[in-house]
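Thanks for sharing this one with me. Here are my notes, set out point by point so that you can follow along on the screen.

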Amino acid sequence: MTLVSVASRFVRIYILSPEAVVLVLLIFILYNSATHVRPLWKFVHRAGVRLQLKYRGQDYNHNSNISDNFPVTKDIFGDKGRESWELKRDNVAVFAIQGRRPHMEDRFNVITDLDDTRTSVYGIFDGHGGEFAADFVEKTLFKSIEVRLLRSSLNGVEKNFKSILTEEVLEVDRQLLTLARSTMEISGTTALLALVKNGTLAVANVGDSRGVICDKHGKTIPLSFDHKPHEMKERQRIQQAGGFVSFNGVWRVAGVLATSRALGDLPLKEKRFLTAEPDILTFDLEELQPKFMILATDGLWDCFSNVEAVEYIKERLSEPHFGAKSLVLQAYYRGSVDNITVMVVNFQTKRASHVRKWSR
């Protein structure tokens, strides 16, 4: 037997054997998990998405998100690779941290005084199963809402805010699902949007992010209500579609998802266990004369009640981030395991260009 044949036999028996291949794969997976490196299939999948992704004839770059334009800090907790995002613009401030998750899947966006129409839009998006859905929805939804508002302003037609928000949320969800079918994308996201115009506040909610407001008397007023699978209305809808709700740490749709409404989530949407239909509430700001508004992902609400969050911000409105950063850090120190994003809109701040009569 020649040296070449001996070497060839050794490779076949010991190196290319099924046991050896499995062992190498297990070592790679363990190393991958320990270092929080994104799995190889994710890199391949995302590359395919970037090549295929188009939106209304324009290239859509998944890797660039709105938060790239905001200041980004690293290692603020001494934990290498953990990131935080912050924004301070006019009367709104945002602070977001990765928290104790392996990846940052929260997104947010802000439009203030759109084209001198005194219209502002605020939004936060809490992704799950990957960051793609939150990234796509944040970009696409804000673009479509902006176009609708500008078009109605130019035409002199004031369409009902509830109709605009509902139609655009459902249309973006349809686009996301169409894209997901061609790219095998399974991620999803919650959405919480607040639109302010002409003394009216309209809040659209899909999922378990939450908004609250502090009125002129210092009282806490909820702006949205969580969509949880164990709620009677949500449970009945899921069961009528042939699905089920089970307890796995928390109540989950089909034992998987902890929110009963979301954009994306193709596997659950195709079975009709999940919906992206938003609940929308409207408020008269002239009557409320609010001091501030808080929009936050559930990473905050896991540790704070509505009243606690409002009381906390009340004492910190004079801080550079209107208390948003302090609230995020406090939730983190209380043990929140999720990504945490908090947006505070300070209605008491008088704008240089104009003063809203409902801002005192």
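1. Let me start with the charged pairs: the structure holds 15 salt bridges. Please keep in mind throughout that this is a predicted model.

2. The pair I would look at first is K269 with D173, whose closest N and O atoms are 2.9 Å apart. This salt bridge links distant parts of the chain, with K269 in helix α7 (residues 266–270) and D173 in helix α5, 96 residues apart. Are K269 and D173 buried or exposed? Both of them are buried.

3. Now a pair within one helix. K314 forms a salt bridge with E311, and here the closest N and O atoms are 3.0 Å apart. Because the two are three residues apart in helix α10 (residues 306–314), about one helical turn separates K314 and E311. K314 has 32% relative accessibility, so it counts as partly exposed. E311 is partly exposed too, with a relative accessible area of 35%.

4. A little further along, R316 is bridged to E315, with 3.6 Å between the closest N and O atoms. E315 has a relative accessibility of 63%; the cut-off for exposed is over 50%, so E315 counts as exposed. You may also like to trace a network: E234, R237, R261 and D279 are joined into one by salt bridges that share partners.

5. On to the nonpolar interior. In soluble globular proteins, nonpolar side chains tend to be buried together. The largest nonpolar core here has 29 residues, and those that touch the most other members are F125, V137, L141, L165, L193 and L263. Two or more residues each come from β7 (120–128), α4 (132–155), α5 (161–183), β9 (191–197) and β10 (200–206). Which element gives the largest share of this core? That is α4, with nine residues.

6. L165 is a handy residue to click on. Leaving aside residues up to four places away in sequence, L165 touches I145, L193, L195, A202, A204 and I280. Another core, of 27 residues, lies apart from the largest one and includes A296, F304, L317 and A331.

7. Finally, a look at the outside. F247, V250 and W251 make a nonpolar surface patch of about 290 Å². F247 lies in strand β13 (residues 245–248). Why does F247 count as exposed? Its relative accessibility is 54%, and exposed means over 50%.

Conventions. Residues are numbered from 1 along each chain as its sequence is written. This is a predicted model: local features need pLDDT of at least 70, side-chain atom pairs count only at pLDDT 80 or more; totals for chains, interfaces and linings use all residues. Side-chain values use heavy atoms; hydrogens and water are left out. Patches are made of residues with over 30% relative accessible area and no salt bridge: like charges are joined within 9 Å, nonpolar side chains (Val, Leu, Ile, Met, Phe, Trp, Tyr) within 5 Å. Accessible areas come from the Shrake-Rupley method with a 1.4 Å probe; for residues, only the protein chains shown count as cover. A salt bridge is a side-chain nitrogen of Lys or Arg within 4 Å of a carboxyl oxygen of Asp or Glu. Helices (H or I, at least four residues) and strands (E, at least two) are DSSP runs, numbered from the N terminus. Buried means under 20% relative accessible area, exposed over 50%, partly exposed in between (1.4 Å probe, protein chains only). A nonpolar core is a set of buried Ala, Val, Leu, Ile, Met, Phe, Trp, Tyr and Cys residues joined through side-chain atoms within 4.5 Å. Contact means heavy atoms within 4.5 Å.
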